[in-house]
Structures are given as C-alpha cells and as structure tokens.
Amino acid sequence: MRLHRKYFEEMVSLIGIKVFYRAPMPNKHYTTYTEIESNYYDPLEVGVIFDEHPTQQTLKKMGWVSELQESSSIIHVPYDLPAIQQGALFFIPSGLDGAPARLFRVVKLMNSIVNPASISCEIVPEFEDTFKPE
C-alpha cells in the first residue's frame with residue numbers, strides 16, 4: 001500500500017501539477033457565492049494529476065461513460081488528502097499564462113483498486129471565484 005502511494009507521489013512529481021485544495025468545514029453548508037472564506041478550511045497546496053478532457057477509454061475504465069457531464073474533468077489526488085469529499089474545492093492554475101486560478105468543485109469520488117494510491121474526483125467548474133492568492 002505504501003509502495004503504491006510512493007509511486008503516485010513520483011508520478012505527480014514527473015507529470016503532475018500543484019493546485020490549491022480547500023475542504024469544507026464540518027456542519028457548514030456551501031454555495032457558490034462569496035462564502036468560501038467562512039465555509040472552507042484554509043488552502044492547502046497539493047500535487048495532483050489533472051485530466052481536463054478525459055478520453056472515452058479512460059472514462060470507460062472508471063465506469064463514468066454515461067454519467068459524466070459535458071463540462072466535467074477528472075483530477076487524481078493523493079489517497080490520504082485530508083477531508084476529501086463532495087463539495088471540496090480545487091483552484092487550478094493556468095498552465096499557459098499568468099491568469100488567475102480556475103475554481104472547480106468535486107461532484108463525485110472513486111477509487112478502483114484494493115490498495116489505492118489515489119482518489120479520482122469528477123470536478124466541474126464554478127463560475128463565482130472569490131479566491132485571492134497571497
């Protein structure tokens with residue numbers, strides 16, 4: 001199990017990106033409008049594998065062929081990421097220019113093996129972004 005997680009860490013260092021992750025606080029509700037600061041923990045920088053446009057073959061292996069929305073993407077995060085759940089937020093930086101980070105919300109989680117190294121999350125874009133990087 002630890003070996004698989006080390007493999008994932010190595011893969012992230014080779015082909016992954018760094019994003020900011022915010023988990024919802026317990027007993028809080030969340031919406032998309034200016035409530036991020038009061039309903040989410042502070043941002044945590046984490047290495048992930050981001051697949052903005054997953055192929056049909058990838059989706060078929062995950063069992064998401066008919067369920068995945070048109071605007072969804074897949075992000076693979078470390079298995080031991082604290083408080084990962086539906087409703088968590090990811091701020092993904094632009095890879096081409098200095099544009100502000102794009103905000104995504106987790107709508108579905110999945111892992112596919114007995115000793116998982118990562119969790120696959122279906123994420124959808126949010127259109128109201130109040131994240132201010134320091």
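What follows is a conversation about the fold, the charged pairs and some individual residues of a predicted model.

Biologist: Before we get to details, what does the secondary structure of the protein chain come to?

Modeller: In this predicted model, the protein chain has three helices and six strands, and along the sequence these follow the pattern α-β-α-β-α-β-β-β-β.

Biologist: And how much of the protein chain is buried?

Modeller: Of the 134 residues in the protein chain, 38% are buried. The accessible surface comes to about 8,500 Å², with 54% of that belonging to carbon and sulfur atoms.

Biologist: What share of the contacts is between residues 24 or more positions apart?

Modeller: Such residues account for 60% of the contacts, when the contacts considered are those with a separation of 6 or more.

Biologist: OK, on to the strands. Which strands does β1 pair with?

Modeller: Strand β1, residues 17–22, pairs with strand β2, residues 44–51, in the antiparallel sense over five bridges. Strand β1 also pairs in the antiparallel sense with strand β4, residues 89–92, over three bridges.

Biologist: Can you give me register points? Which residue is the bridge partner of Phe20 in β2, and which one in β4 stands opposite Arg22?

Modeller: For Phe20 the bridge partner in β2 is Glu45, while Arg22 has Leu89 of β4 opposite.

Biologist: I'm looking at Ile17 now. Where is Ile17 placed, and what does Ile17 touch?

Modeller: Ile17 is in strand β1. Not counting residues up to four places away in sequence, Ile17 touches Val46, Gly47, Val48, Phe50 and Ile92. Taking one of these, Val48 is 31 residues from Ile17 in sequence, and the two C-alpha atoms are 5.6 Å apart in space.

Biologist: With those contacts, how does Ile17 count in terms of exposure?

Modeller: Ile17 is partly exposed, because its relative accessible area is 31%, which falls between the 20% limit for buried and the 50% limit for exposed.

Biologist: Switching to charges: how many salt bridges are there?

Modeller: The count comes to two salt bridges. One joins the side chains of Glu9 and Lys6, at 3.6 Å from N to O. The other is between Arg105 and Glu126, whose closest N and O atoms are 2.7 Å apart.

Biologist: Where do Arg105 and Glu126 sit along the chain?

Modeller: That pair links distant parts of the chain, with Arg105 in strand β5, residues 102–110, and Glu126 in the segment after β6, residues 118–125, so that 21 residues separate the two.

Biologist: Are Arg105 and Glu126 buried or exposed?

Modeller: Arg105 counts as buried because its relative accessibility is 9%, and Glu126 likewise counts as buried because its value is 15%.

Biologist: Then the other pair. How are Glu9 and Lys6 separated in helix α1?

Modeller: Glu9 and Lys6 are three residues apart in helix α1, residues 2–15, and are therefore separated by about one helical turn. Glu9, at 46% relative accessibility, counts as partly exposed, whereas Lys6, at 52%, counts as exposed.

Biologist: Arg5 is in helix α1 as well. Which side chain of opposite charge is nearest to Arg5?

Modeller: The nearest is Asp80, at 5.2 Å, and Arg5 is buried yet has no salt bridge. The reason follows from the cut-off, because a salt bridge needs the nitrogen and the carboxyl oxygen to be within 4 Å.

Biologist: So what does the side chain of Arg5 reach?

Modeller: The side chain of Arg5 reaches the backbone oxygen of Pro116, at 3.2 Å. Leaving aside neighbours within four places in sequence, Arg5 is in contact with Tyr79, Pro116 and Ala117.

Biologist: Last topic, the loops. What is the phi of Ala83, and where does Ala83 lie?

Modeller: Ala83 has a positive phi of about 55 degrees, although it is not a glycine. Ala83 lies in the loop between β3, residues 73–78, and β4, and is partly exposed, with a relative accessible area of 39%.

Biologist: And where is Pro26?

Modeller: Pro26 is in the loop between β1 and α2, residues 36–39, and is exposed, with a relative accessible area of 53%. Pro26 and Asn39 are 13 residues apart along the chain, and their C-alpha atoms are separated by 8.6 Å.

Technical notes:
Residues are numbered from 1 along each chain as its sequence is written. This is a predicted model: local features need pLDDT of at least 70, side-chain atom pairs count only at pLDDT 80 or more; totals for chains, interfaces and linings use all residues. Side-chain values use heavy atoms; hydrogens and water are left out. Helices (H or I, at least four residues) and strands (E, at least two) are DSSP runs, numbered from the N terminus. Buried means under 20% relative accessible area, exposed over 50%, partly exposed in between (1.4 Å probe, protein chains only). Lys and Arg count as positive and Asp and Glu as negative; His and the chain ends are not counted. A polar contact is a pair of N or O atoms within 3.5 Å; within protein, one must be able to donate a hydrogen and the other to accept it, and residues adjacent in sequence count only if both atoms are side-chain atoms. Contact means heavy atoms within 4.5 Å. Two strands pair if DSSP finds at least two bridges between them. Accessible areas come from the Shrake-Rupley method with a 1.4 Å probe; for residues, only the protein chains shown count as cover.
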